[in-house]
Amino acid sequence: MIVIYPFGIPIFYFVLLYQVRHIVGNKERIKQEKAMDYPNVQHVLFLFESYRHNLYFWECVECIRRLLMSSLLVILPDKSMIQCLVAMLVAAFFGRTYCAYKPILANNRLQEMCQWQLMLLLLGALMIRVQ
């Protein structure tokens with residue numbers, strides 16, 4: 001069970017979205033679906049409605065980010081500099097990814113700033129550990 005959740009949820013989300021990719025990946029088709037109150041994609045609406053139509057799979061990327069920031073750090077040695085460094089690299093990578101792709105419909109800046117703030121917080125933690 002401990003292996004199913006970290007890998008199974010993002011894969012399951014991707015499979016669900018892949019099955020309706022011809023609808024959610026097409027701007028015109030999604031407008032038609034919206035006009036009819038989403039009859040064909042209602043069951044996966046929560047996975048893609050916040051993201052641009054060409055980045056409908058972004059919730060899978062977001063799941064991977066959350067898993068890396070939680071599960072990967074638990075595997076690394078506790079209270080080590082490598083743990084802070086890996087977390088900083090993950091935060092910087094996803095911060096830059098949000099800057100490049102701008103996947104969110106409403107406000108990408110908030111997510112970008114959160115990633116950079118997290119990286120700076122981890123930099124402070126790294127500086128405290130170095131002394």
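Visitor: Which residues does T97 touch, not counting residues up to four places away in sequence?

Guide: Bear in mind that this is a predicted model. In it, T97 touches W58 and K102 once residues up to four places away in sequence are set aside. T97 itself lies in helix α6, which covers residues 81-101, and T97 is buried, with a relative accessible area of 12%.

Visitor: Let me follow W58 first. Which aromatic pairs does W58 form?

Guide: A search of the whole structure finds six aromatic pairs. In one of them W58 and Y98 stand edge-to-face, 5.6 Å from centre to centre and with 75 degrees between the planes. This pair links distant parts of the chain, since W58 is in helix α5 and Y98 in helix α6, 40 residues apart. W58 also pairs with Y101, and here the arrangement is tilted, with 5.9 Å between the centres and 50 degrees between the planes. Because W58 lies in helix α5 and Y101 in helix α6, that pair ties together parts that are 43 residues apart in sequence. W58, Y98 and Y101 thereby make up one aromatic cluster.

Visitor: Which members of that cluster are buried, and which partly exposed?

Guide: Both W58 and Y98 are buried, and for W58 the relative accessible area is 3%. Y101, with a relative accessibility of 46%, counts as partly exposed.

Visitor: And the other residue that T97 touches, K102: what is the sign of its phi?

Guide: The general idea is that most residues other than glycine have a negative phi. K102 has a positive phi of about 45 degrees although it is not a glycine. K102 is placed in the loop between α6 and α7, the latter being residues 108-130, and at 37% relative accessibility K102 counts as partly exposed. D37 is another case, with a positive phi of about 65 degrees, and D37 is not a glycine either. D37 sits in the loop between α3 (27-35) and α4, and at 58% relative accessibility D37 counts as exposed.

Visitor: Turning to charged side chains, how many salt bridges does the structure hold, and which residues do they join into one network?

Guide: The structure holds four salt bridges. To read such contacts, it helps to take each bridge with its distance and then to look for shared partners. R66 and E59 meet through their side chains, at 3.2 Å from N to O. E62 forms a salt bridge with R65, where the closest N and O atoms are 2.5 Å apart, and R66 forms another with E62, with 3.8 Å between the closest N and O atoms. Through shared partners, the salt bridges join E59, E62, R65 and R66 into one network.

Visitor: Where in the fold do the partners of E62 lie, and is each residue of the network buried or exposed to some degree?

Guide: E62 and R65 both belong to helix α5, residues 58-75, and are three residues apart, about one turn of the helix. R66 and E62 likewise both lie in helix α5, four residues apart, again about one turn of the helix. As for accessibility, E62 is buried, with a relative accessible area of 8%, R65 counts as buried at 12%, and E59 is buried at 13%. R66 is partly exposed, with a relative accessible area of 39%.

Visitor: How should I read the nonpolar residues, and which of them have the most contacts inside the largest core?

Guide: In soluble globular proteins, nonpolar side chains tend to be buried together. Here the largest nonpolar core has 16 residues, and those with the most contacts inside it are L17, V24, I30, V41, V44, L47 and F48. The elements that give two or more residues to this core are α1, α2 (21-24), α4 (45-48) and α5. V41, leaving aside its neighbours within four places in sequence, is in contact with V20, I23, V24, I30, E33 and F48. A second, separate core has 13 residues, including L73, L76, V86 and L126.

Visitor: Which nonpolar residues form a patch on the surface instead?

Guide: The patch consists of I2, V3, F7, I11 and V15, which together have about 540 Å² of accessible area. Taking F7 as the example, its place is in helix α1, residues 4-19, and at 55% relative accessibility F7 counts as exposed.

Note on methods. Residues numbered from 1 in each chain as written. Predicted model: local features only at pLDDT ≥ 70, side-chain atom pairs only at ≥ 80, totals over all residues. Heavy atoms only, no water. Buried < 20%, exposed > 50% of the residue type's maximum accessible area, 1.4 Å probe, protein only. Patch = residues over 30% accessible without salt bridge, like charges linked within 9 Å, V, L, I, M, F, W, Y side chains within 5 Å. Areas by Shrake-Rupley, 256 points an atom, 1.4 Å probe, with all protein chains shown as cover. Contact = heavy atoms within 4.5 Å. Core = buried A, V, L, I, M, F, W, Y, C linked by side-chain atoms within 4.5 Å. Phe/Tyr/Trp six-rings, centres within 6.5 Å; stacked < 30°, edge-to-face > 60°.
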